[in-house]
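Biologist: Before we trust any label attached to this model, I would like to go through the reasoning behind each one. Could you show me the structure and then take my questions in turn?

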Amino acid sequence: MASALATARDSVNDSSSAGSPILQARGLGMRFNAPEGPISLFENLDFSIDAGDSLAILGTSGSGKSTLLGLLAGLDLPTAGSVVMDSHDLNRLDEDARAQLRAGRVGFVFQSFHLLPGLTALENVMLPAELAGDSRAREHAASALDQVGLTPRLGHYPAQLSGGEQQRVALARAFITAPRILFADEPTGNLDHTTGEQIIDLLFDLNRDHGTTLILVTHDQAVAARCARVTYLREGRLMADSQ
Amino acid sequence: MMLSLRLLYRDWRGGELRLLALAVVIAVAAVTGVSWLADRVAGATEARAADLLAADRAVEYTESIPTEWIERAQARGLDTALTAVFPTVVLTDTANRLVSAKAVNNGYPLRGSLRTQPTLGAAEQTPEGIPQPGNVWLESRLLGLLDVEVGDSLTLGARTFTISAILSFEPDRGQGFSSLAPRVMFNHADLASTELLGPGSRARHKLLLAGPASEAVAFTRALANEQGNAVEIETPSEQGRGASEVIDQAKRFLGLAALLTVIVAGVAVLLTVRHYAERQITGVAVMRAMGATRQRVLGLFVGKLLWLALFAGGIGAGLGYLLHYGMLLIVADLLGTALPAAGWQPLATGWLTAGAALLGFALPTLVRLRDAPPMRVLRADLGSGLLRAGMPLLVAALVILALMAWQAGDARVTLSVFAAVGATLALLAAVAAAVVYGARAYARHLGQARLLWLSGFTRRPVTAVIQIVAVGVGLMSLFLLAVVRNDLLSAWQAEIPPDAPNQFLINIQPDEVDGVRNTLAEAGIDTNFYPMVRARLTALNGEPIQADNYDSPQARRLTRREFNLSWTGTLQADNEILAGDWWGDESNPPPQLSLETDFAEEIGVGLGDELTFASGGGQVSAAVTSLREVRWESFNVNFFVLASPETFNDLPQTWLTSFYLPENETAVLNTLIREFPSVTPIDVSSVLRIVRTIIDQGSSVVELMSLLTLAAGVLVLLAALQITGEERRFESALLRALGARGRRIRAMARLEFWLVGAIAGALAGLAATAAGMVVAETLFNLDYPFRPMTIIAGAGVGLVTVWVAGALGARRYYRASPMRLLREG
Ligand SMILES: Nc1ncnc2c1ncn2[C@@H]1O[C@H](COP(=O)(O)OP(=O)(O)OP(=O)(O)O)[C@@H](O)[C@H]1O
Ligand SMILES: [Mg+2]
């Protein structure tokens, strides 16, 4: 069983710095009320991730990967079970408390980039730092963009950037607050193969440099393979990959 | 909050919020412009009322003003001046004449200024000071009456004076019948030497006061306490009632115009902020995913709005300042040069307006953003229904109501305008929906490929209705100001016909009436003569009247003074019976009275009360059988108390008449004065001229205001286009990709603009006409004609406006190439 395997692997990785896992799902379930009646997307998912670890979630379209990712990040609450992030039970926190927990601790990369169209590349990267009250947001953003190789594009607006460049801006934005966990939802889904590979290289480089915990949703086996752990979401269950 | 300022700057740079800010600027400009103007004109009006008194306050006394009073006033830091007015006879070698002499001392007039001419026909000038001792200034008509010129001498009592100038204007000359004899003005220092003021003289002595208001009030109050009825205190507010009424009406027009600008701009704010908010949902979701709390998100938007209010309010107030200058230029010669300096208070008003507009119109929509679901970053469909709520509309309606109440300061105006706008919105929406859905059904029946079916008009019925309502509101306010306002103004101006009487003849003896009538008829003047009896009110319902029975000083004065009574068989057109019955054209109605309604209220008399009047030994009693409302603006001769014919036949009477005399045809007056020396002419043409200028210039000011409303209306149009812009872009690209030619796509859009514009315009014309009728009826008491032309012209104007603005505003959306579909997905 997936959970059994996850637990087994956890115990192996437990030797890493922190005593308890940075993210833990217990009996996680999600159901929606559709017009035809309630649909259960998944049920009773258990797993945990230690700090610095990387996990890929694979699954067919509509299997619930994005939903699961959102629950793990605390963007929404599950209908059953709980998520514990940094030893905070998300169920016990209201929306704002969860937001505060995310602030500076969690970063995101999305399939459709979600850069704010009215902001330049630099300003997009600055935004999380500014929200966190960083008085040197501009410098930090500039150096973050430097790390993704976009220094010449600081003043460009998203519409003036290619998809790959936009995703690199998004990476810089995700890393500027030095998050402990990075959630990535199909970060290469909108990119051609070569560009996608470059982005993934960059993502893993940054991840390694920052010692960030990575949770990555993808369709792409090759991408998934670069994670320390791979799991499949299939028919509402998590199954470990037999690497 | 510096972050919200930075975010605001980024929004602004991206072109977001520009329409919104512009709408706020325009609303603020309208409100502050009027506020600045009203502030300063109110100041000027007070100053002018003071001019009519030649002082801030005056103390009238039956004897010479004691020196001690003057010293006490001066000790309080007040400026003082003395006047003494009395009837007397001036003598020359060949003639004599009853005049009203006025002695004044240095400092007179404390408010306003005299005007003189060095010789007859020379230009008027403002003299320095007053007549030197030994000199007199004469009113021009006296030169002719006495057959003297400047430089000649004349005798007043025991003293000979030299005529040194012609007195052409005297601020405190006063109206009414008391100061009709021609004026002779001389120096107070010469008063004693004329030996005219013996005991029992009929002189009215006044101590004029000017200076700090609190001191003037304290001094006069103290004096009134000491002296009781011996002194009478005069204040500016008792002067010049007519002018202030006209100014009040002008202010109402302006207030109305500013209100409409605020409403239309508010609609633009509502529309643009909705569009803005929709584009913010994803951004907010991203921020929330990155850890921003709901509080934080709200704080950021409130911060943005406050910054925006600061800037837009400041800029709007600056524009309002310029606007008020423009309006002042228009009315400059009305107000004279002595305007009080502009205060800072309107700037605060501007910020308040901006804050109220943004927090009231924009915030209720933006507040919803704080609930943008963070999950939206993973599932784009979440939170798209976030803004669908009626709350912002409700709040906006309340804010409009509050702003209106604040701006108009009059509940009735507020409610009637609000009701008009509210009803219009409902009407516009209902009719628009009927038309649009009707067209939709019809187009479906016609077949799918037809232009009408394809055009946005039928394909986006809800949007079309919103557009019609939005554009319709803008156009309605525009029509209300451009067309209805003009109609209202001309109806108002028609109230004062160009041939409104400008000359009055009074003191006509009964046996002179026919002679005067003939003299006037020879000059081509045909006019009515009114009998007049001066009488005292001596008893009410048989009970003798004592002044002490009345509490209000005004009522006491009324009972003490003589009334001008008249009688007539026919009711004048400017009179309206409010209660009771007019005696009609009956040949011999029994003696009865009709009272002006306000007057009746003041002396506490109603229908059925019997009044007794006494004059020259005779006495007449009659019952009140009707109450009248008089439109004094007609400038016709009117009386507080009218009796049925013959009622006062036994009391001593004189006659009076009024007529219009073109400016340069004064010869007939000279003939009259020569033939009927006891008849007194009064020239009121200058008063009328001022009133007419006030109306003319007032309407120009309103016109300036309506430009702002027009600008706000155009903003609404652009905002409505912006809302559907993305959709249009997508459609256009899709249709091209499907093979439609550009011409067909443009024809589709044109049809949509035409229909939206024509329907909105026609509805707006209809609504504006209806609103105009309500406003005319309830506020200004005017008759307003229903004009179908306004509706037809409205449709035309709407069609062209929407077509032009639509074509210009939407051009970029229709240039979209099919490639966009690929890029934007
Ligand atoms: N709030 C919701 N209400 C109703 N149904 C929902 C909701 N959120 C998700 N779903 C449903 O859950 C299912 C899984 O959605 P999800 O986006 O998690 O899938 P996914 O695995 O990320 O798919 P993809 O690979 O296409 O992104 C879908 O069928 C979706 O319609
Ligand atoms: Mg997904």
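Modeller: This is a predicted model, and a fair place to begin is the surface, where chain B exposes about 36,700 Å², with carbon and sulfur atoms supplying 56% of that area. Of the 825 residues of chain B, 51% count as buried, and the chain holds 22 helices and 21 strands.

Biologist: How do you know what share of the contacts in chain B joins residues 24 or more positions apart?

Modeller: A contact means heavy atoms within 4.5 Å, and of the contacts in chain B with a separation of 6 or more, 81% are between residues 24 or more positions apart.

Biologist: Why is Gly794(B) called buried?

Modeller: The relative accessible area of Gly794(B) is 1%, and buried means under 20%, so Gly794(B) meets the definition of buried. This glycine is found in helix H21 of chain B, which spans residues 788–814. Leaving aside residues up to four places away in sequence, Gly794(B) touches Phe479(B), Gly761(B), Ala762(B) and Met789(B). The C-alpha atoms of Gly794(B) and Ala758(B) are separated by 7.6 Å, although the two residues are 36 apart along the chain.

Biologist: What makes H4(A) roughly antiparallel to H1(B)?

Modeller: Helix H4 of chain A (residues 121–131) and helix H1 of chain B (residues 2–13) pack at an angle of about 160°, and their axes are 11 Å apart. Angles over 145 degrees count as roughly antiparallel, and therefore H4(A) is placed in that class relative to H1(B). The crossing of H4(A) and H1(B) is left-handed. On the H4(A) side the residues that meet H1(B) are Glu123(A), Met126(A), Leu127(A), Glu130(A) and Leu131(A), and their counterparts in H1(B) are Leu3(B), Arg6(B), Leu7(B), Arg10(B) and Arg13(B).

Biologist: What makes E6 and E10 the edge strands of the six-stranded sheet in chain A?

Modeller: The six strands form an open sheet in the order E6-E7-E8-E3-E9-E10 of chain A, with mixed pairing, and strand E6 (106–110) and strand E10 (237–240) of chain A each pair on one side only. From one strand to the next, the twist averages 20°. Within that order, strand E3 (residues 54–58) and strand E9 (residues 229–234) of chain A pair in the parallel sense over four bridges, and Leu58(A) stands opposite Tyr232(A) in E9(A).

Biologist: Which strands of chain A does helix H7 lie across?

Modeller: Helix H7 of chain A (residues 193–210) lies across E3, E7 and E8 of chain A, running at about 160° to E8(A). Helix H2 of chain A (residues 65–73) lies across E3, E6, E7, E8, E9 and E10 of chain A, and runs at about 160° to E7(A).

Biologist: How do you know that E1(B) pairs with E9(B), and in which sense do they run?

Modeller: Pairing requires at least two bridges, and five bridges join E1(B) to strand E9 of chain B (residues 204–210), so the two count as a pair, and they run antiparallel. In E9(B), the bridge partner of Tyr61(B) is His205(B). By the criterion of at least two bridges, E1(B) also pairs with strand E10 of chain B (residues 231–234), in the antiparallel sense over four bridges, and there Val59(B) has Ile233(B) as its bridge partner.

Biologist: What makes strand E1 of chain B mostly covered?

Modeller: Strand E1 of chain B covers residues 57–61, and four of its five residues are buried.

Technical notes: Residues numbered from 1 in each chain as written. Chains lettered and ligands numbered in written order. Predicted model: local features only at pLDDT ≥ 70, side-chain atom pairs only at ≥ 80, totals over all residues. Heavy atoms only, no water. Buried < 20%, exposed > 50% of the residue type's maximum accessible area, 1.4 Å probe, protein only. Areas by Shrake-Rupley, 256 points an atom, 1.4 Å probe, with all protein chains shown as cover. Axes fitted to C-alpha atoms, helices over the stretch in contact; angles between N-to-C directions. Parallel < 35°, antiparallel > 145°, perpendicular 65-115°, else oblique. Left-handed = near helix turned anticlockwise from the far one by under 90°.
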